[in-house]
Structures are given as structure tokens and as C-alpha cells.
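Trainee: I should like to go through this structure with you, one topic at a time. Please state the cut-offs as each term arises.

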Amino acid sequence: MRRNALFLLVLIFFLAACSPSQTIVTSGYVNLDQRSPLPTPLNRAITPLRVAVAAVISPQGTVESYTALLNLIGKSLQRPVELVQRRTYMEINDLVKDGDVDMAFVCTSAYIAGHDQFGMELLVAPQVDGQTVYYSLLIVPSDSTAKSMADLKGKIFAFTDPISLSGRMYPTYLVNQLGSTPEDFFSRTFFTYSHDQAIQAVANKVADGAAVDSLVYAFAVSRDPQLGELIQVIHRSPAFGIPPVVVNPNIRPQLKAELQSLLLNMHTTAAGLQALKAIGVDRFVLIDDSAYNDVRTLLGDVTQTR
Amino acid sequence: MKIKPLFARFWEIAGAVNIRIKILGMALGLVLLLGTGITLQVRIALTKTVSSQLEKQSISVARDLAARSTDLILLNDLFSLHRLLQETQINNANVLYAFILDSNGRVIAHTFGDSFPLALIEKNSVSPQDHHHTVVLQTNDGLVWDTAVPILDGRAGIARIGLSDVLLRDSLRDMTGQLILTTALVSLIGVTVAALLTWILTHPILELVQATRQVAKGDFSYRVPRWANDEIGDLAEAFNLMTAELAHADDLRREKEVLRRQLLESVIRTQEEERQRISRELHDSTSQSLTSLKVGLHTLQTILTDGEAKKQTKDLYEITSQTLEDVHALAVQLRPATLDDLGLAAALQRFINDWQVRYHIPVDILVYLGNERLPGEVETALYRITQEAMTNIARHASAHKVSILLEKRGEEVVGVIEDDGQGFESHQFISGEHLGIIGMRERAELLGGKLTIESEIGKGTSLFVRIPLNHQRSSSQAISEGGQES
């Protein structure tokens, strides 16, 4: 009897060895039905410095460009820095307004809106090619025959953000000047939510035209010269005050001073220069709210026409 | 040591069933063995293939999810992220779950609903520079291929998806089902073919068995048809040849037996006639002469006066008287006249009386033969058998008592002669010493009767004889009956 039992055992072992669960090596058991609510994040001993960057370029591009700069800030302040991105400028403005971010890289029109609504404060402004201005560029595919905004009538036009100065407000202003509204003037419009995607939309002829930030355009073309061959610039706007770095009006004065001094001296170190180069900026400078008055006038015109 | 009794046990069962079952068992066993082997083999192969497919699918879905979720994570668009996960699950039916961990390892979106199986998080991880990392997890829902893919080199977090093994289980189940069905079908065909084959194989063998039985019964006319031109066909032919040879040999034997019987019969008859003649001669002629001589001598004795001569004559008279008695006894022994004149009962009674006187052993004799005389040859045979038996008892048995029963029962005569002597072992009388016993048997058999002797050392001897009265004196019948006895 015992021998028979042994024989059976051997048989069972061989049969069991053939079952699929034995031929696959598993790494542990999990009961998927044993669930519990996700733990709420603990208050960390060190609260990170939260920096928002408006979606001037695509989210991944932003991460790649700003990581070096933010790491440098974190190293200097000896606290972790968290990059916060949102799809629209308005969402970034809300984060600044609610104090959910300590510092934000915003768009010019967003700053004006924030300043007027809740007193968004200027911290510093980037200086590019020795200037603190930028332009809105009207771009079309390189094989397009359009020479001005008037030639884009009935075409497809790509806006960047609903409140972007260079990507939405200025081209709207141009259409207004032609005595029309974008809805009537263009056959179709859409939002790309970032300038580099608007450039891509024109390069790939998804859109017949778009208006983009001159700084982003220059940066994109310098990185990918082929892009310049696919696109031609048919119009350049007057100079606008450059998109600034802002803070909440209720920020602790000490932190504001620390951040300001850090950014203003960024270009003095080799690592700082490297980080600034990554975002296409020479250095940070102080800027006054009056630098944006021209833009306020232009925005006023657009709002009135509406 | 372990196999031997197992094999013996197997053979005990397998050896006991007939060839039909053996061949069916072989066919069925082979098909089942093959079916099982192939099923197991295919299951293993299929498991490997499908699991590698599942792993590849798991990686591709996770990579896709990671690429598509990057912007949503960076923009903190949790709603779209959630929808992306749901779409991933909808578009890939075997995605059991999907979830996204942020760069701090917190779950920011998942497909589990309100709560989350926290134990799952630590079961798989991936380093930022890796392309992906896949593990197989055992879960309550079966096996799960869990792949982790870093999002934006891990800076945006990790995408995890779990692929259930439903596909594997389903394909294994379907394939096993199909193979079992095929095996069953092939088994059915195999059994049918084996049954046919068995019939073809065993039919001629069974016919041979039948033929063998017929031959055993003595029927040499039965012939086996040559079924097929194979070894069994050869066997059938050889069998038929053997049967023919046997038939021929049997005929020869019968012929010789008939001759032997006839010869025996004539020898016995001649012997009996000769004895009768001599006995009569002794009785009629020699006895008469001796009686005359005796009477003469008696007369001479009374005439003579010389003492010496008278004494001589008296001696001669005595010798003559003794010789007459001896001649008389010899005549009786050779062929008692009583047997011819008064019948078996009287002859036996007289013989037994003489025997008792001679050997001083008491004999109980009971003879119930009715009033009619038995046929002459039966009387002679029974008398001679009794004579031989009593001679044997006197010579060898050292008996103290003998009983004889002779009875006519319907159409046969039955005789029993028992003694309480030392007995003997049955094999002894088969050897040549006891020709007498063989003679007794021959006598009985010549008349279509039967004679048996039972004996055991120390327990005496019993002789049984049975002779039919209506026996036809046809030699062939006597022989065929005799043939069955031998």
C-alpha cells in the first residue's frame, strides 16, 4: 500500500509539473479584492517650493527645459522644488491667486489679468538678447502664398491659449482691424495650448496659420533648424512686455527677496548660465509694471471690439 | 523490487482477460496515452507561447499608456488621466487593471474605483533608465502579467498595467477540450478497428479451439477452414493435417484393436474349450480307468494272503485312490462340470467350499441370479474372474475374511469381492506382475462389461465387476466401449 501511495505521489508530481501555473514563474500573491482607500499624502516635514510654468511650450518640453533651473533653485534654497503645469493660463493664475504655488512663469496677458484681478506681483523678468520684450509672429507654411492676415481669410487658424497675448489676443486684434471677428474671418480655429504645438500645427499644415511667441519660435528654430524651412514669418507685432516671473501678493517678503536675489544672480555662475540657456534666457532682471501698459491698451481694444 | 509485485499484480488482471479485451485495451491504452501526452505537451507549449504574447501585449499597452499619460500627468489633468485609463481598459479586454504612480510613488489614477489594493504597489517596480519591467503575479483572479513603465524617465512617475490570464486559460481550456474530444473520437475509432482486428485474429483461433474439442471427443472428421493466408492460416492447415494423421492412426489402432480382441476372444474360447475337453477326458476316461484300477486293486487285496504282497497292494490302492482324487480335483479346476451342468451359482458354491477347506479362510457368499441360467460366456467369465480373485487373495492378501456378492440387476450382473487383507497400491497391479488382473479385466471387457479394483495398503481390496446380459457380440462395439475405458 505504501509503495502504491508513493507511486501515486510521483505521478501527481509529474502531472502537477505540467500544469501552466508551474511552468510560469510568479513573483508573489496579491488579493485584488482586498482593497482600502488610498492614504492621503502625509504633510512632509519639508514643504517643497512649488513653481508653476505656464504652458508656453508642451508639458514635456517644459520639464526638459526647466528641470536644470529648478534643480539649481532647490539646491540654493536647500528644499525640494516641484514643477507644476496646467493646460491653460487661467489655471496657473488661479494657482498663484490661491497661494498653491510660490512662484510662476506666466504669460504677459495672464500677468495683466492676474495683476488687475488680485494684484499678482512681478518678481523678475527674463532678458533675451538684451531686451525684455517679445513679439507675436504670424506664421504660415513656407509654401503658403499668404503675405498678411488678410490673405488668411477663410483658412484654418491655430490659437495657443485662450488668454495668450501673442497666440490669441494679438491675432484677434489683427482680425478686428480687418473689421471682422476670428469666428467669421477664419473657416475654423482651434487651441493647441502651447506655442511649440502651434508651430508644429503650421509646419505639418494642420493649420494654415498661427500666431506664436517670438521667443518660443526662435528657441524652437534654433533647436530644430529644419522647422525654419517649413515655416515662414509673414508679420511681426510691435514689441510687448516679456512674460514675467510672478508671485502671490501675500508671499512672505523674505522668500520673495530670496527668490529675487537668486534669480537675478543666476547668470553669475556657470551652472546658472547653463540652466538659463536651457530656457532660452540670458539673465533675469527687475521689471516694472509700466512695461506692460502698451499691452494693456491693446487688450483693451480687443475687449472693446468684442 | 517495487516494480515486480506491481507488474505481477498487473499481469494477474491483464493475463486473465481474453485476447479480445487485451487488444482493445492495448489500442485504447495507446490512444489515451498518446492523447494525454500530446495534450500535456501542447498545454506546455501553448502556455509558453501565450504567456510570451501576454508579456509582449502587457509591455506594449503599458508603453502606450505611459506615452499618452505624460502630458496629462504634467498638467495634473487627473480627469483625462482617469479617462485614459478607462479607455485603455475598454480597448484591451484583458487589461485587469491600470494605474499611475507619480514621481513620489503615490497612486494618482487607477481603475479600481473607490479603493485600491495597496499590496499591489510594491509587487513591481522599475528604475527610470529601464524600458520596462514585467512580473507575473498570482492573484485571486488568476495570473496577472504586471508591467511597469517609467513615464518621462520616471520624472512624471510610473505607469502600471495588469493583464489577466483569461486569454491563456481560455485558450488552454479550448485546446484541451478539443484535444480530449479528438482523443475520444480516435479512441472510438481505435476501439472499433481493434474490435474488428480482434475478431479477425480470434475468430480462426476460436475455430481451432472448437476443432480441438471435437478432436478430443474423438471426432476426427472436423476440418478448420483456412481463414487467412497468414501464420494462423498455416496453423489451421497444420492442424487439419494433424487431424487427418490422427484419424488415420486411429483407424489403424481400431483395426489392430479389433484383431487383438478377436485373437484374445479366440484364445480364451479355445483355452476354455481345451480345458473343458481335458476336464471331460480326465473325468470320463482317466477317472474311469483309475476307478477300474482301484476296484481291481481292492479285489486283489482281498484275494492275496501273502502278507507282503497284501501290504504292497494296499499301498498301490492308496496311491490309486489319491491319484483319482487328484485327477478329479484337476478336472474340476480346469473346468468344473457343475458349471456346465448346474450353473454358475452351484459351481461357485462348490468352488468356495473347496477353497475354504483348503485355505481355512471363512467366505460369505451371496448369489442372487434368479432361476434362469445366464449366457454361457457370462457364467464362464464370472467364474474365472472369481477363481482368479480368490487365488490372488489366497496368495497375497493374508485375509481373515472374504465376502462375495453376485447379483443380477435388471439387464446386468454385478459382482463384488471384498477381503480384509493387507491390500496393495493401485500402481502395483499395472506393472506386469499381475497379468491375472489384466486377464480378469479383459474377460469383462470382451463381454462389454467393466471391472475395477480398489485397494489401499492395510485396508483390504475390493473388486467390482459389471457385465451386461444383452451384450451383442459385435467386436467393434466391444472395442469402442473398451477404448473409452483405456
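Mentor: Helices (H or I, at least four residues) and strands (E, at least two) are DSSP runs, numbered from the N terminus. The model is a predicted one, in which local features need pLDDT of at least 70 and side-chain atom pairs count only at pLDDT 80 or more, while totals for chains, interfaces and linings use all residues. Residues are numbered from 1 along each chain as its sequence is written, chains are lettered from A and ligands numbered from 1 in the order in which they are written, and side-chain values use heavy atoms, with hydrogens and water left out.

Trainee: Which residue takes a positive phi just after H6(A)?

Mentor: Helix H6 of chain A covers residues 165-177. Just after H6(A), a positive phi of about 75° is taken by A:Gly179.

Trainee: How many residues of helix H6 of chain A are buried?

Mentor: Buried means under 20% relative accessible area, exposed over 50%, and partly exposed in between (1.4 Å probe, protein chains only). The buried residues of H6(A) include A:Leu165, A:Met169 and A:Tyr173. The helix is mostly covered, and the count of buried residues is 12 of 13.

Trainee: Which residue caps the N-terminal end of H6(A)?

Mentor: A polar contact is a pair of N or O atoms within 3.5 Å; within protein, one must be able to donate a hydrogen and the other to accept it, and residues adjacent in sequence count only if both atoms are side-chain atoms. At this end of H6(A), a side-chain oxygen lies 3.0 Å from the backbone nitrogen of A:Gly167, and the capping residue is A:Ser164.

Trainee: Which strands stand at the edges of the open sheet of chain A?

Mentor: Two strands pair if DSSP finds at least two bridges between them. The sheet has 6 strands in the order E3-E2-E4-E13-E5-E14, with mixed pairing. One side of each edge strand is left without a neighbour in the sheet, because each has a single partner strand; these are E3 (81-85) and E14 (283-285) of chain A.

Trainee: What angle does helix H4 of chain A make with E3(A)?

Mentor: Axes are lines fitted to C-alpha atoms, for helices over the stretch in contact, and angles run from 0 to 180 degrees between N-to-C directions. Contact means heavy atoms within 4.5 Å. Helix H4 (residues 89-97) of chain A packs on the sheet, touching E2, E3, E4 and E13 of chain A, and its direction makes with that of E3(A) an angle of about 140°.

Trainee: What is the strand order of the sheet that includes E1(A) and strands of chain B?

Mentor: The edge strands are E1 (29-30) of chain A and E2 (107-110) of chain B, each pairing on one side only. Within this sheet, E1 (residues 95-101) and E5 (residues 157-164) of chain B pair in the antiparallel sense over 6 bridges, and B:Ala98 stands opposite B:Ile161. The sheet is open, with 6 strands in the order E1(A)-E3(B)-E4(B)-E5(B)-E1(B)-E2(B).

Trainee: How much area do chain B and chain A bury between them?

Mentor: Buried area is the accessible area (1.4 Å probe) that two parts lose on being put together, summed over both. The contact takes 43 residues from chain B and 35 residues from chain A. Carbon and sulfur atoms carry 63% of the buried area, which is about 3,600 Å².

Trainee: Which residues form the salt bridge between chain A and chain B?

Mentor: A salt bridge is a side-chain nitrogen of Lys or Arg within 4 Å of a carboxyl oxygen of Asp or Glu. The rule finds 1 salt bridge across this interface, beside 11 residue pairs in polar contact (both at pLDDT 80 or more). With the closest N and O atoms 3.2 Å apart, the partners are A:Arg87 and B:Asp77.

Trainee: Is B:Glu379, the salt-bridge partner of B:Arg373, buried or exposed?

Mentor: The closest N and O atoms of B:Glu379 and B:Arg373 are 2.9 Å apart. B:Arg373 counts as partly exposed at 43% relative accessibility. B:Glu379 has a relative accessibility of 3%, so this residue counts as buried.
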